[in-house]
Amino acid sequence: MAYIMGVQLVNGTDLIGSITGLDDDGAHSISIEDPAQVAMMPSQGGASNSMSIGLLPWIPFSEESKFIIQKDKIVTSFTPSVDLINNY
């Protein structure tokens, strides 16, 4: 079953997307569809040092919308906040 989840990769990248295979202990990889990279961005119109969270396309110039990630490249998984899911 696919559901919106987040994963942090070994390189520190946080992704959210429609993920399958995360709960399958026998699988060596997961599938993530329409992944978005979570990024800290300067706030618009805020204080000069204020930051907000933004979502960027992951691998933006790909023709694909579904990607396979090996589980050994994933540090952890997480349930995104409601605000993050709403912005996804």
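## Close-up legends

**View A. H28 counts as exposed, at 66% relative accessibility.** For this and every later view, exposed means over 50% relative accessible area, buried means under 20%, and partly exposed is anything in between (1.4 Å probe, protein chains only). You're looking at a predicted model, in which local features need pLDDT of at least 70 and side-chain atom pairs count only at pLDDT 80 or more, while totals for chains, interfaces and linings use all residues. Numbering starts from 1 along each chain as its sequence is written, and side-chain values use heavy atoms, with hydrogens and water left out. H28 sits in the loop between β2 and β3; strands here are DSSP runs of E with at least two residues, helices are runs of H or I with at least four, and both are numbered from the N terminus. Leaving out neighbours within four places in sequence, H28 makes contact with Q70 and K71, where contact means heavy atoms within 4.5 Å. L56 is another matter: 28 residues separate H28 and L56 in sequence, and their C-alpha atoms are 26 Å apart.

**View B. Zooming out: the chain has six strands and one helix.** Read from the N terminus, the order is β-β-β-β-β-β-α. Along the principal axes, the C-alpha atoms fill a box of roughly 50 × 25 × 25 Å. Buried residues make up 28% of the 88 in the chain. Of the contacts with a separation of 6 or more, 48% link residues 24 or more positions apart. The chain exposes about 5800 Å², and 52% of that comes from carbon and sulfur atoms; the areas come from the Shrake-Rupley method with a 1.4 Å probe, and for residues only the protein chains shown count as cover.

**View C. β3 and its strand partners.** Strands pair if DSSP finds at least two bridges between them. β3 runs antiparallel to β2, with five bridges joining the two, and one partnership puts I16 with A36 in β3. β3 and β5 are also antiparallel, again joined by five bridges. With β4, β3 pairs in the antiparallel sense over seven bridges; M41 has S52 of β4 as its bridge partner.

**View D. S31, a buried residue at 8% relative accessibility.** S31 belongs to strand β3. Opposite S31 in β5 stands I68. Not counting residues up to four places away in sequence, S31 touches S18, I19, T20, K66, F67 and I68.

**View E. The largest nonpolar core, 12 residues in all.** The members are M5, V7, L9, L15, I19, L22, I30, I32, W58, F67, I69 and I74. The elements that supply two or more residues are β1, β2 (14-20), β3 and β5, and β1 gives the largest share, with three. A nonpolar core is a set of buried Ala, Val, Leu, Ile, Met, Phe, Trp, Tyr and Cys residues joined through side-chain atoms within 4.5 Å. Take M5 as a sample: leaving aside neighbours within four places in sequence, M5 is in contact with L15, I16, G17, I19, L22, S77, F78, T79 and P80.

**View F. G6, buried at 0% relative accessible area.** G6 lies in strand β1 (residues 3-9). How far apart are the C-alpha atoms of G6 and F78? They are separated by 4.9 Å, although G6 and F78 are 72 residues apart along the chain. Besides F78, the residues that G6 touches, outside four places in sequence, are L15, I16, I19, T76, S77 and P80.

**View G. Backbone oddities at D34 and I59, two non-glycines with positive phi.** D34 shows a phi of about 50° and lies in strand β3 (residues 29-42). I59 shows about 55°, but I59 is in the loop between β4 (51-57) and β5 (66-70). D34 is partly exposed at 44% relative accessible area, and I59 is partly exposed as well, at 40%.

**View H. A nonpolar surface patch made of M40, M51 and I53.** Together, these residues have about 330 Å² of accessible area. M40 is in strand β3 and is exposed, at 54% relative accessible area. Patch residues have over 30% relative accessible area and no salt bridge; like charges are joined within 9 Å, and nonpolar side chains (Val, Leu, Ile, Met, Phe, Trp, Tyr) within 5 Å. A salt bridge puts a side-chain nitrogen of Lys or Arg within 4 Å of a carboxyl oxygen of Asp or Glu.
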